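You asked for a colleague's reading of this entry, set out so that someone coming to it fresh can follow along. The points below are numbered and can be checked one by one against the display.

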Amino acid sequence: MSRLIDKTTNRTHPGELPELGCLLVRIMLIVGVLGWGFAAAGRAEDKDQAQVTSTEVEELLEQLKAADRSQRKEVESALIGLGPRALPLLPEVDASQPTSLRASLERIRRELQRQKSAASLEESRFSYSGKVMVSQLLTEITRQTENPFAEQPVPEDVLLRELQIDFQNRSYWEVIGKIEKQLGLHYAESGQFELADSETESLIKIHQGPVRFEFLNPTTKKLIGNEQQQLWRIPLRVYFEPRLRPLYLHWKGKDFKAWGVSGEENDSTESIGLDPYNPDASIELAAESDQGGLQTILDFVGPREVEFKSIQLRGSCELILAAGHESVEFDLSSKPTEVIKRVGAARIKLIETSRVDVKQFTEDETLEENMLRITLHVAYSPQVMNAFESHRTWMFSDPIWIERAQKERLSREPLFQTLEQFPGEIVVAYDFALPAGEESGSRLVYRLPTLVTRIPLPLEPVELPVQASGKID
């Protein structure tokens, strides 16, 4: 039996900052004094950006309560003008408020959440110039971009190396590419590097916004029963910035176009169009559980006996993702039931908390452990879910945990019970190994997206070399 108890308040979910593990902590203690100067010098926030104060929000809320219909729009605009930083300072909407106030607060929250979601879809940017230890660099990248790294993201000896860098407002994937080149590494999993080898060094890498595409050399394969054409296969791996929560990558066969380029380097070149193998196919790959590189193959057909020196490719796909994540909290001290919280288009109801005896199976024995069971009802409005009815299972991956009085974080047990399931709506029971009597001072935290959206990913033309070793029968 194993369970994770995170004794930090750092988040490890997409969009939250992680620790880099005990090793980095030890290293940072060694270089702590230098770290203070590094953080100050490399800070990327806009110093002129005004902080939103609770006093400022409270004054506008008082005006909103007293305003008539014509004035209310002006106050709403003023609150929206404060930007997404005002979201945590707004009161929750509840039935005790006047109808006009509830309507105004809902409009304000909706617009601020839309702004926050839109901002989260942009590619992350990073700035720093100077000499820096790898461990410090990774920590600073996380701080500026909110993209976490693994507990030990690179080999231990690499963490202690120093780099001379000059990054000025560079995209996250540009920074990762520079790190790979200088250290002889390859970004292999979400927040994890591996030593580069001949295959990874030959990859063609491009990025579009917060997404990176990696191409291996094209290969060919005979088409059985077709003496005139052969199949060209282009292996593709897709990475997303770890802070994002991708759900699906979608495209149609005809959305990608390819050309075979023939001719020697000093001769005139000729390009021959390659047809999609299945132009009408609609491909949809589940992306949420595979930030370590979503793998697929793009297939095209071309003339059988023509030799190409390269394949040119361009096209587009669409990323469906959950965005605008917010957290809701329930105080467990009083054993709450029938408590409802609203975040954007989502409604979360804590139905009940109870103590249950759960069987735990090990290799040698079966144990019975008393646990806290929490039953939730989560529902999204039809405006959000209508277009995504076939994709509702992503809701089961919403992060949920208990923050104990000692500031420890207790993750749920791996297994859970689905009590009801409809499009955009679930009733689910989670178990937590929280000893009886420790509910006092503990809080349930449930993190969920406020928006499910699509972003187009046009792929800039890329030329992929064809190697003799890449041809297969």
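1. A word on naming comes first: helices (H or I, at least four residues) and strands (E, at least two) are DSSP runs, and they are numbered from the N terminus. With that in mind, glutamate 146 can be placed in the loop between α6 (134–145) and α7 (156–159). Please keep in mind throughout that this is a predicted model.

2. On the chain as a whole, the protein has ten helices and 25 strands. Of its 473 residues, 47% count as buried, and the accessible surface comes to about 24,100 Å², of which carbon and sulfur atoms hold 48%. Among the contacts in the protein chain with a separation of 6 or more, 74% are made by residues 24 or more positions apart.

3. One sheet deserves a careful look: it is an open sheet of five strands, in the order β17-β18-β19-β23-β22, with antiparallel pairing. Because β17 (339–343) and β22 (416–422) stand at the edges with a single partner strand each, one side of each of them is left without a neighbour in the sheet. From one strand to the next, the twist averages 25 degrees.

4. Within this sheet, how many bridges join strand β18 to strand β19? The two strands, β18 at residues 346–361 and β19 at residues 366–380, run antiparallel and are joined by 15 bridges. As one example of the pairing, valine 356 has methionine 371 in β19 as its bridge partner. In general, strands of a sheet pair through backbone hydrogen bonds, whether parallel or antiparallel.

5. Strand β19 also holds histidine 377, which is buried, with a relative accessible area of 14%, a value that falls under the 20% cut-off for that class. The side chain of histidine 377 makes a polar contact of 2.7 Å with the side chain of glutamate 425. Leaving aside residues up to four places away in sequence, histidine 377 touches Arg347, Ile348, Lys349, Ile351, Glu425, Ile426 and Val427.

6. Is glutamate 214, in strand β7 (residues 211–215), buried or exposed? Glutamate 214 counts as buried because its relative accessibility is 0%. Its side chain is joined to that of arginine 212 by a polar contact of 3.1 Å. Beyond residues up to four places away in sequence, the residues that glutamate 214 touches include His186, Tyr187, Leu203, Pro235, Arg237 and Tyr239.

7. The aromatic residues can be read together, since a search of the whole structure finds ten aromatic pairs. One of them is formed by tyrosine 172 and tryptophan 173, an edge-to-face pair with 5.0 Å from centre to centre and 70 degrees between the planes. Both tyrosine 172 and tryptophan 173 are buried. Ring pairs also link Phe149, Tyr172, Trp173, Tyr187, Phe193 and Tyr239 into a cluster, and two members of that list, Tyr187 and Tyr239, are also among the residues touched by glutamate 214.

8. Two backbone angles merit a second look when the model is inspected. Most residues other than glycine have a negative phi. Glutamate 146, however, has a positive phi, near 65 degrees, and counts as partly exposed at 40% relative accessibility. Asparagine 169, which lies in strand β3 (residues 162–171), likewise has a positive phi, near 55 degrees, and is partly exposed, with a relative accessible area of 47%.

9. Finally, two residues may be considered for their spacing to other parts of the chain. Serine 271, found in strand β12 (residues 270–276), counts as partly exposed at 45% relative accessibility, and its C-alpha atom is separated by 5.4 Å from that of glycine 260, eleven residues apart along the chain. Apart from residues up to four places away in sequence, serine 271 touches Trp259, Gly260 and Val261. Alanine 119, in helix α5 (residues 99–120), is exposed, with a relative accessible area of 53%. Alanine 119 and alanine 323 are 204 residues apart in sequence, while their C-alpha atoms are 9.5 Å apart in space.

Conventions: Residues are numbered from 1 along each chain as its sequence is written. This is a predicted model: local features need pLDDT of at least 70, side-chain atom pairs count only at pLDDT 80 or more; totals for chains, interfaces and linings use all residues. Side-chain values use heavy atoms; hydrogens and water are left out. Two strands pair if DSSP finds at least two bridges between them. Axes are lines fitted to C-alpha atoms, for helices over the stretch in contact, and angles run from 0 to 180 degrees between N-to-C directions. Buried means under 20% relative accessible area, exposed over 50%, partly exposed in between (1.4 Å probe, protein chains only). A polar contact is a pair of N or O atoms within 3.5 Å; within protein, one must be able to donate a hydrogen and the other to accept it, and residues adjacent in sequence count only if both atoms are side-chain atoms. Contact means heavy atoms within 4.5 Å. Accessible areas come from the Shrake-Rupley method with a 1.4 Å probe; for residues, only the protein chains shown count as cover. Rings of Phe, Tyr and Trp (its six-membered ring) pair if their centres lie within 6.5 Å; planes under 30 degrees apart count as stacked, over 60 as edge-to-face and the rest as tilted.
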